[in-house]
Amino acid sequence: VMVVSLTGMTWQRCLIWKDSSTLFSDVVSKYPTASIAYNNLGTFYAEKGEIDKAIGYFREALLVNPELDLAQINIESAYKDRARMMSETMTEEESVQAKEKDIKEESMFLNMLGENQGKSGDIDDAITLFKKAVKLDPSNADVYNNLGFAYYRKGEVYLAEEYFNKALEIDPDHEKARRNLDFIKKLK
């Protein structure tokens with residue numbers, strides 16, 4: 001009875017594994033925190049040439065586990081593949097604009113990951129993610145503000161002030177950076 005039962009269960013599981021997409025889709029539906037399954041789905045779609053879909057799954061993997069280096073490597077590779085594919089079909093100006101859009105998009109995503117890490121109390125990882133975001137897009141005032149706030153939470157007030165000022169250099173009307181800087185100045 002046990003052998004027949006286990007054989008039946010094995011057979012049912014084999015039906016799910018038609019390809020990597022069906023297998024890992026089933027895994028993420030049952031275990032939504034399985035970051036490696038999202039990464040594997042991204043890899044499946046990247047190999048099929050569906051780069052935008054792949055990037056979406058790599059992002060999901062990083063949202064679940066920002067420290068999954070494999071997903072970070074894969075998403076960077078996917079962006080490069082997308083840029084290469086676009087450059088083959090676009091004019092040079094369109095290709096440059098698409099690449100700039102990808103860079104801004106990736107910077108905003110890293111900023112969001114940093115915010116999530118900061119909210120969970122992992123300030124050092126948040127700072128690392130914010131610095132990666134700034135390196136990609138040094139014109140993003142929100143990232144500088146978040147970096148300043150992270151340093152404030154870490155107790156490094158002078159660095160916090162420096163980053164709030166940088167955010168205001170980029171966007172003089174940035175309300176959060178202005179409030180944060182005013183608060184820091186009152187502490188001195």
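The legends below accompany close-up views of a predicted model.

**View 1. Surroundings of Asn 39 in helix H3**. Asn 39 sits within helix H3, which covers residues 35-47, and with a relative accessible area of 1% it is buried. Its side chain is engaged in a polar contact with the side chain of Asn 74, at 2.9 Å. When residues up to four places away in sequence are left aside, Asn 39 touches Tyr 57, Phe 58, Ala 61, Leu 68, Leu 70, Ala 71 and Asn 74, so that Asn 74 appears both among these neighbours and as the partner in the polar contact.

**View 2. Stacked rings of Tyr 45 and Tyr 57**. The model contains 6 aromatic pairs. In the pair formed by Tyr 45 and Tyr 57, the ring centres are 5.7 Å apart and the planes meet at 10°, which is under the 30 degrees required, so the pair counts as stacked. Tyr 45 belongs to helix H3 and Tyr 57 to helix H4, so the pair ties together parts of the chain that are 12 residues apart in sequence. Tyr 45 is buried, with a relative accessible area of 8%, whereas Tyr 57 is partly exposed, at 22%. Ring pairs also bring in Phe 44, which forms a cluster with Tyr 45 and Tyr 57.

**View 3. Stacked rings of Tyr 151 and Tyr 163**. The rings of these two tyrosines have centres 5.7 Å apart and planes at 5°, so this pair is stacked. Tyr 151 lies in helix H8 and Tyr 163 in helix H9 (residues 157-170), and the pair thereby links distant parts of the chain, 12 residues apart. Both Tyr 151 and Tyr 163 are buried.

**View 4. Arg 59 and Glu 47 in helices H4 and H3**. Arg 59 is placed in helix H4, residues 51-64, and is buried, its relative accessible area being 19% and the cut-off for burial being under 20%. Leaving out residues up to four places away in sequence, Arg 59 touches Ile 75, Tyr 79, Glu 105, Glu 106 and Phe 109. Glu 47, in helix H3, is by contrast exposed, with a relative accessible area of 68%. The C-alpha atoms of Glu 47 and Glu 60, residues 13 apart along the chain, are separated by 18 Å.

**View 5. The largest pocket**. This pocket has a volume of about 390 Å³. It is lined by 13 residues, of which Glu 76, Tyr 79, Ile 103, Glu 106 and Leu 136 are the closest to its centre. At least two lining residues come from each of helix H5 (69-89), helix H6 (92-119) and helix H7 (123-136). Sorted by class, the lining holds 5 nonpolar, 1 polar and 7 charged residues. Tyr 79 and Glu 106, named here among the residues closest to the centre, are also touched by Arg 59.

**View 6. The second largest pocket**. The space in this pocket amounts to about 300 Å³. Its lining consists of 17 residues, and those closest to the centre are Glu 115, Phe 130, Asn 145, Asn 146 and Phe 149. Two or more lining residues are given by each of H6, H7, helix H8 (141-154) and helix H10 (175-187), with H8 giving the most, at 6 residues. The lining divides into 4 nonpolar, 7 polar and 6 charged residues.

Key: Residues are numbered from 1 along each chain as its sequence is written. This is a predicted model: local features need pLDDT of at least 70, side-chain atom pairs count only at pLDDT 80 or more; totals for chains, interfaces and linings use all residues. Side-chain values use heavy atoms; hydrogens and water are left out. Helices (H or I, at least four residues) and strands (E, at least two) are DSSP runs, numbered from the N terminus. Buried means under 20% relative accessible area, exposed over 50%, partly exposed in between (1.4 Å probe, protein chains only). A polar contact is a pair of N or O atoms within 3.5 Å; within protein, one must be able to donate a hydrogen and the other to accept it, and residues adjacent in sequence count only if both atoms are side-chain atoms. Contact means heavy atoms within 4.5 Å. On a 1 Å grid over the protein atoms alone, a cavity is a set of points where a 1.4 Å probe fits but cannot get out, and a pocket is an open set with protein on both sides within 12 Å along at least five of seven lines; lining residues have an atom within 4 Å of a point. Grid points are joined across faces, edges and corners, and a volume is the space filled by probe spheres set on the points. Ala, Val, Leu, Ile, Met, Phe, Trp, Tyr, Cys and Pro count as nonpolar, Asp, Glu, Lys and Arg as charged, and the others, Gly among them, as polar. Rings of Phe, Tyr and Trp (its six-membered ring) pair if their centres lie within 6.5 Å; planes under 30 degrees apart count as stacked, over 60 as edge-to-face and the rest as tilted.
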